[in-house]
Amino acid sequence: MKIAVIGTGYVGLVSGICYAELGHSVVCVDKDPYKIATLQSGGIPIYEPGLEALSRKGVAAGNLRYTHDLAEAVRGTDLVIIAVGTPPLPGGQADLSYIDAAAAEIADALTGYAIVAVKSTVPVGTNERVRELIRARTDVPFDSVSLPEFLREGSAVRDTLEPDRVVVGADSPAAAERIAELHRPLTKQVMVTDIRSAEMLKYASNAFLATKISFINEIANICEKVGADVSEVAAGMGLDRRIGTAFLNAGIGYGGSCFPKDTRALIQIAGHVEYEFKLLRSVVEVNQDQRMRIVRKLETIFGGELRGKTVAVWGLSFKPNTDDVRESPALEIIRHLADSGVVVRAYDPIATASFRGLFGDGGVVWCEGALEAARGADALCLLTEWEEFAGTDLRVLQETMRRPILIDGRNVFKEADLAGTAFVYYSIGRPSLNQGVREEMPILQY
Ligand SMILES: NC(=O)c1ccc[n+]([C@@H]2O[C@H](COP(=O)([O-])OP(=O)(O)OC[C@H]3O[C@@H](n4cnc5c(N)ncnc54)[C@H](O)[C@@H]3O)[C@@H](O)[C@H]2O)c1
Ligand SMILES: O=c1ccn([C@@H]2O[C@H](COP(=O)(O)OP(=O)(O)O[C@H]3O[C@H](CO)[C@@H](O)[C@H](O)[C@H]3O)[C@@H](O)[C@H]2O)c(=O)[nH]1
């Protein structure tokens, strides 16, 4: 197929490169000149494992190219994929201005029949809105398809080439079949449905996963008080195939460019039809609170006074294996620490530059290595579970720090790692591992 992908962000770029890998003829379009220049020179403007090599391969094979000229890319194409951003507006609802602008540009560029598919995450009814926008500007025939994307950052290439499922929402059976056919080499699970269900299914999936995370975080918080271990609890729950083990890792809550935005947008979508999504509101509230537990724990350890302390932070991205820091819990935690008069020494293997771009520099010393960040610190907070942190020799770390206080926000370390150290250690929902802050467990009488 001849495919034009509009937007070379995390979704558009990965999708475009992977369609080229399947042998299709792909043009990726972005209006950001820096991104296109980087891509044209063989680089990748984001950090995503495996992507750069695939991009170079597609370009060398002659079936992948990059341009900022949308009209030229759309001309004569079979499929146009919209993968522009839908960031949150201040009230939480999705900002559809990039979708509208792309739709108008596509309408003006269409020269013959094409399928226009929306991969961006959009509120129910948006595909119909896109269709009307295009129809108002052109007589060229086209079909609309909702093609929600489920990839995760950090494993985006694998998720795209081996997805659990592909969902195609369409009201034209012929267009649905063409898009289904495009994805059949990737998975047996191609689901064809109506457009509104496809749009809703994307939000419902993210909201459900976010619910799992807030649920296990609340269980973790209770575990701390009753002397149970959340990792044991989650493992045992996960053995039930109806529950499954995935997304039951307790920690400092979810971040990123999707769960925070999409949960809030779904609350708004429900609100528009006068339905109050009470469960999801709580999920969001629990998540917000969970981030601050780390700060409260530090305050308790330091007797309420953070001012003048030096705190090392390991991990700035919202999850490992990405440079994306959008809605990363680290933003809020570091902001709070810096505002409380703490000197923060921060390190991330990949995401420091993007974090500084969003956060600024105030009150933070940016470090080039994990041990360098820990040097002379009164406490260390681990916020992202990058693999390199798990391999730390805690005895060496202890020697580096002024005081051995370790707040493990992602439950990376195990009992054996702590053996022979003097760390005051606190993790999430595993009170038996706590050292130095271990509380007497209450005798439970009911
Ligand atoms: N990031 C993810 O992991 C992920 C996963 C699934 C779905 N989604 C959804 O996919 C959509 C895109 O997300 P993203 O993270 O890739 O966004 P992004 O912000 O990283 O990238 C969007 C890109 O679109 C470009 N763009 C905007 N308008 C354009 C236009 N008219 N012409 C050409 N380029 C244009 C921007 O310059 C930008 O590079 C969002 O709706 C998001 O919710 C994201
Ligand atoms: O057990 C878990 C799993 C995840 N997280 C956190 O949840 C957030 C999101 O993680 P993940 O879902 O792996 O990353 P994303 O790249 O944001 O992917 C989500 O959001 C995308 C955008 O919509 C969807 O396409 C994906 O299916 C969906 O998993 C991160 O902060 C994680 O640290 C936890 O705290 N505990």
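Q: Why is strand β1 described as largely enclosed by the rest of the structure?
A: In this predicted model, four of the five residues of strand β1, which spans residues 2-6, are buried, so the strand is largely enclosed by the rest of the structure. A residue is called buried when 20 or more other C-beta atoms lie within 10 Å of its own.

Q: What makes β1 and β2 a pair of strands?
A: Two strands pair if at least two bridges are found between them, and β1 and strand β2 (residues 25-29) are joined in the parallel sense over five bridges. Within this pairing, I3 stands opposite V26 of β2, and A4 stands opposite V27 of β2.

Q: Why is the crossover between β1 and β2 called right-handed?
A: The chain passes from β1 through helix α1 (residues 10-21) to β2 as a β-α-β crossover. It is called right-handed because, with the strands pointing away from the viewer, the path from the first strand over the helix to the second runs clockwise.

Q: How do you know that β1 also pairs with β4?
A: Strand β4 (residues 79-82) and β1 share four bridges in the parallel sense, set against the required minimum of at least two. I6 has I82 in β4 as its bridge partner.

Q: What makes β3 and β8 the edge strands of the sheet?
A: The open sheet has eight strands in the order β3-β2-β1-β4-β5-β6-β7-β8, with mixed pairing. Strands β3 (64-67) and β8 (190-193) each pair on one side only, and these are the edge strands. Neighbouring strands of this sheet are turned by 25° against each other on average, direction ignored.

Note on methods. Residues are numbered from 1 along each chain as its sequence is written. Chains are lettered from A and ligands numbered from 1 in the order in which they are written. This is a predicted model: local features need pLDDT of at least 70, side-chain atom pairs count only at pLDDT 80 or more; totals for chains, interfaces and linings use all residues. A residue is buried if 20 or more other C-beta atoms lie within 10 Å of its own, exposed if 12 or fewer, and partly exposed in between; C-beta atoms are placed from the backbone. Helices (H or I, at least four residues) and strands (E, at least two) are DSSP runs, numbered from the N terminus. Axes are lines fitted to C-alpha atoms, for helices over the stretch in contact, and angles run from 0 to 180 degrees between N-to-C directions.
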